Amino acid sequence: MMEASATPRRLWIRDPLAILAEGAGGGIVVEGTRIVERVAAGARPVAPVDETFDAGRHVVIPGLVNTHHHFFQTLTRAHPIAINKPLFPWLKALSTIWPRLTPEAFRLASRLAYTELLLSGCTTAGDHHYLFPKGLEASVDIQVEEARAIGIRAFVTRGSMSLSEKDGGLPPETLVQDDDTILADSERVLSLFHDPKPGAMVQIGLAPCSPFNVTKRLMHESARLAERHDCRLHTHLGETLDENAYCLEMYGQRPVDYLEEVGWMSARTWLAHGIHFNDDEVRRLGAAGVGVCHCPTSNMVLASGRCRTCELEAAGSPVGLGVDGSASNDNSNLIESVRHALMLARLSYRAEDVSHLDALRWATEGSARCLGRDDIGRIEPGREADLALFTLDELRFSGAHDPLAALVLCGAHRADRVMVAGSWRVIDGAPIGVDTGDLREAHTRLARELFGTL
Ligand SMILES: [Zn+2]
């Protein structure tokens with residue numbers, strides 16, 4: 001009772017080395033879960049504060065927002081059956097061992113991925129989970145529990161596969177569920193966990209895996225369900241030329257025409273990858289407000305191609321960033337992906353057209369827009385206090401002059417402090433409440449036992 005009526009604690013994060021926010025040279029004030037004030041350089045907060053954190057060694061940016069991942073894949077990183085292959089052969093090879101996933105392994109994989117993301121400065125962790133083998137029917141429940149325990153904001157999408165090899169799809173029979181089972185569970189997890197309100201710590205989206213492993217009926221029905229529950233829709237689209245060829249052969253249409261036919265051309269939808277679109281398709285996606293999660297690291301690992309980030313943004317599509325699953329990245333380091341996004345963009349665009357600030361914007365505000373959120377992704381009064389603070393005291397930063405550019409160009413890897421909803425979740429580079437040594441040991445052991453090749 002006392003807590004409910006108490007005035008929220010006011011914290012001044014003062015005089016940062018640099019901050020990614022206009023007019024905040026003197027820092028920001030956090031009250032409860034939100035940012036309430038930007039303090040100009042040399043000024044003081046307008047009202048008294050309870051606590052001050054001296055950020056003189058820190059570069060402060062909005063907490064990064066991850067919009068695509070597959071946590072379970074942390075157990076099959078750098079796997080010999082899959083490395084050095086493009087998407088379809090990679091997927092077919094891994095699909096032979098993924099049915100061995102257990103609830104215990106999935107829980108540890110989720111804990112590990114959340115922790116890795118958090119340590120890289122990520123405060124909202126999206127995952128696209130589409131494996132529901134027998135015994136793992138409560139996967140979404142596990143991911144929500146783990147997110148709550150760690151204190152990270154989570155965007156869990158209930159993925160699905162319903163088209164197995166015998167029906168012309170890619171996955172084996174053991175990894176698919178029927179449409180009605182998927183839809184019933186989607187409804188269950190939306191009712192249990194989805195919070196559509198600003199400041200939500202857990203949101204649920206619906207995410208049939210891709211055109212090559214679900215039925216069109218499931219796509220249609222998922223769009224209707226999303227409308228009813230006011231949630232987002234997510235899927236893989238336009239990742240490889242093989243996918244375009246598959247869609248033409250299976251459905252007689254290109255992926256974007258498929259998306260339109262199944263009722264997904266809306267601002268409720270964001271896509272993973274979005275690489276192989278022609279000019280007309282980019283225009284149509286932009287006009288509909290469909291978001292695209294760019295996954296630069298994964299696209300390079302699988303030799304998939306380059307996302308047309310600038311054309312998509314110019315057409316009206318929100319563009320965000322994702323690390324993608326850990327069998328095609330093979331880490332969960334989102335600040336590293338910011339650097340990769342900048343480097344990859346420089347192969348397609350003029351140096352003056354894409355800067356480190358654009359790459360940071362994709363990973364923050366752009367990703368937040370993909371998730372349909374305007375309460376995170378920027379440092380401004382009224383938004384949630386989700387922040388990542390980096391120091392520049394490693395050798396890699398020595399001699400750097402512009403602190404914000406240094407973060408991206410010198411290759412920051414680990415945040416020193418991370419705040420989610422006004423609470424510190426990483427202090428001195430260590431996650432609160434997680435023993436990383438124990439976690440790594442248990443996770444490694446299960447990865448070997450379940451997915452080892454010997
Ligand atoms: Zn993916």
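# A tour from the zinc site outwards

With angles of 86 to 170° among its four donor atoms, the site of the zinc ion is irregular. Four donors count as tetrahedral if all angles lie between 85 and 135 degrees, four count as square planar and six as octahedral if opposite donors are over 155 degrees apart and all others between 65 and 115, and anything else is irregular. This is a predicted model, in which local features need pLDDT of at least 70 and side-chain atom pairs count only at pLDDT 80 or more, while totals for chains, interfaces and linings use all residues. Residues are numbered from 1 along each chain as its sequence is written, and side-chain values use heavy atoms, with hydrogens and water left out.

**The zinc donors.** Select the zinc ion together with His 68, His 70, His 236 and Asp 324, whose NE2 atoms (the three histidines) and OD atom (the aspartate) lie 2.1 to 2.6 Å from the metal. Donors here are N, O and S atoms within 2.8 Å of the metal (3.2 Å for Na, K and Ca), and water is not among the atoms, so the site may look incomplete. Along the chain the donors follow the spacing H-x1-H-x165-H-x87-D. His 236 lies in strand E11 (residues 233-237) and Asp 324 in the loop between strand E14 (319-321) and helix H12 (334-345), so this pair ties together parts that are 88 residues apart in sequence. Helices (H or I, at least four residues) and strands (E, at least two) are DSSP runs, numbered from the N terminus. His 236 counts as buried because its relative accessibility is 8%, and Asp 324 counts as buried at 4%; buried means under 20% relative accessible area, exposed over 50%, and partly exposed in between (1.4 Å probe, protein chains only).

**The loop between E14 and H12.** Stay in this loop and select Asp 330, which is joined to Asn 329 by a cis peptide bond with omega about 0°. Most residues other than glycine have a negative phi, and most peptide bonds are trans.

**Two residues with positive phi.** Next select Ala 421, in the loop between strand E16 (417-420) and strand E17 (423-427), where phi is near 50°. Ala 421 counts as buried, at 15% relative accessibility. Then move to Asp 428, in the loop between E17 and strand E18 (430-431), where phi is near 50°; Asp 428 counts as exposed, at 60% relative accessibility.

**Helix H15.** Select residues 436-451: at 1.5 Å a residue, the 16 residues of H15 should span 22 Å, and the end C-alpha atoms are 21 Å apart, which agrees. The expected span is 1.5 Å times one less than the number of residues. At the N-terminal end, Asp 435 caps the helix with a side-chain oxygen 3.0 Å from the backbone nitrogen of Gly 437. Colour Leu 439, Ala 442, His 443, Leu 446, Ala 447, Leu 450 and Phe 451, which are buried. They cover an arc of only 135° around the axis, which puts them on the same side of H15; the arc is that of the directions from the helix axis to the C-beta atoms. On the other side, Arg 440, Glu 441, Arg 448 and Glu 449 are exposed. Helix H3 (103-119) is included in what covers the buried residues, where contact means heavy atoms within 4.5 Å.

**Glu 137.** Finish in the loop between strand E8 (122-129) and helix H4 (139-150), where Glu 137 lies and counts as partly exposed, at 39% relative accessibility. Leaving aside neighbours within four places in sequence, Glu 137 is in contact with Phe 132, Asp 185 and Arg 188.

Note on methods: A polar contact is a pair of N or O atoms within 3.5 Å; within protein, one must be able to donate a hydrogen and the other to accept it, and residues adjacent in sequence count only if both atoms are side-chain atoms.
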